[in-house]
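Okay, thanks for making room for me today. Let me put the thing on screen, and then I'll talk you through the parts I'd like you to look at.

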2 protein chains.
Amino acid sequence: MSKSNPQLNLDNQLCFKLYNASRQVTRLYQPLLKEVGLTYPQYIVLLILWEQDGQLVKEIGKRAGLNSNTLTPLLKRLEQHGIVSRNKTPDDERHTIIHLTKAGKELEQSCACIPAQMLEKSGLSMEQMQLLKSALDLLQ
Amino acid sequence: MSKSNPQLNLDNQLCFKLYNASRQVTRLYQPLLKEVGLTYPQYIVLLILWEQDGQLVKEIGKRAGLNSNTLTPLLKRLEQHGIVSRNKTPDDERHTIIHLTKAGKELEQSCACIPAQMLEKSGLSMEQMQLLKSALDLLQ
DNA sequence: TGTGATTTAATCGTGTGCGACCTAATTTAT
DNA sequence: ATAAATTAGGTCGCACACGATTAAATCACA
């Protein structure tokens, strides 16, 4: 299978495993998220807002690791779907503050079962899950 | 910080760590790949072709975990850059076979140093790297 | 041998990611 | 007080991902 350079062997590449694992997990989420009409990054953003409602785009971005060039269109879609509101703050007109709407708050209950369902789908034990989490923390 | 449902706490979510780690690694690769004019998914596809030249779109797709709706445009861009050729096979006109060009083969040498540079950049020890790899294999 | 099922790529539409840039609001340094 | 620098969010362009569909070639088999 592998040819010349063992350094370049795909099976050796951490990057490839990580890239695949991430997409695979996203795919596992999709059928569950489809039921509530969310995409995976939208779900991440909502997790952040459910923790703390009324955050600035900047704060959400820092937590999610996303910049405004990704967040602005995403938040506009959530706004169009009636899940969040976007408003300038009066004290500093540069800020846009994001609030959950009633529908956005209610969505939290609909998503409450997702983590447990995902754990089951993944086929991981709690120990394996914990191992993977702490291994990933090595990269921070 | 976290409000009501501990199940939905972002820090508890494996998905989020994975999603972040994957993007972070991609970002680490970018300056290195930019020097040779490749994107990260293009690099993955080339790793596959350097292992074995002359593969069908389907075979590359299976190895990379990508379908033609992602691969076809990506391969067309590589073709435009003179890195691969795309041809129908005479025995079965449904197949498109991908070959490395001379430039595509030469690119392997230019990329040979990338894994070592990445290991250094990541700040991981060999042991940590190995731990993370095997943890990720749990998801297969 | 003809025809319906299957296989393989390609196409289309939507939604990210992200570099580069822009604009307006605010802060700072003089 | 005000010009320069900084900050926040937005826009644009490109390249993925991926579900859904299409088109063409091949296969299976009655």
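So, how much area do chain B and chain A bury between them? Keep in mind that this is a predicted model. The answer is about 5,600 Å², with 64% of that on carbon and sulfur atoms. Chain B puts 54 residues into the contact, and chain A puts in 55.

On the polar side, we get eleven residue pairs in polar contact between chain B and chain A, counting pairs with both residues at pLDDT 80 or more. As for the make-up, the side of chain B that touches chain A has 32 nonpolar residues, 13 polar and nine charged. There are also two salt bridges across the interface. One of them joins the side chains of D137(B) and K17(A), at 3.1 Å from N to O. Where does chain B's side come from? Helix 1 of chain B has the largest share, 13 residues.

Now, over to the DNA. Strand D has 27 residues around it, and among the closest are Y19(A), R86(A) and N69(B). Sugar and phosphate make up 70% of the strand D atoms that come within 4 Å of the protein.

Some phosphate contacts, then. K76(A) has a polar side-chain atom 2.8 Å from a phosphate oxygen of strand D. With T96(A), a polar backbone atom sits 3.1 Å from a phosphate oxygen, and for V57(A), again through the backbone, the distance is 3.4 Å.

Helix 1 of chain A gives the most to this surface, five residues. By class, the surface near strand D splits into twelve charged, ten polar and five nonpolar residues.

Methods
Residues numbered from 1 in each chain as written. Chains lettered and ligands numbered in written order. Heavy atoms only, no water. Contact = heavy atoms within 4.5 Å. Buried area = accessible area lost by both parts, 1.4 Å probe. Salt bridge = Lys/Arg side-chain N within 4 Å of Asp/Glu carboxyl O. Polar contact = N/O pair within 3.5 Å; in protein donor to acceptor, adjacent residues only side chain to side chain. Helix = DSSP H or I, 4+ residues; strand = E, 2+ residues; numbered from the N terminus. Nonpolar A, V, L, I, M, F, W, Y, C, P; charged D, E, K, R; others polar. Near = heavy atom within 4 Å.
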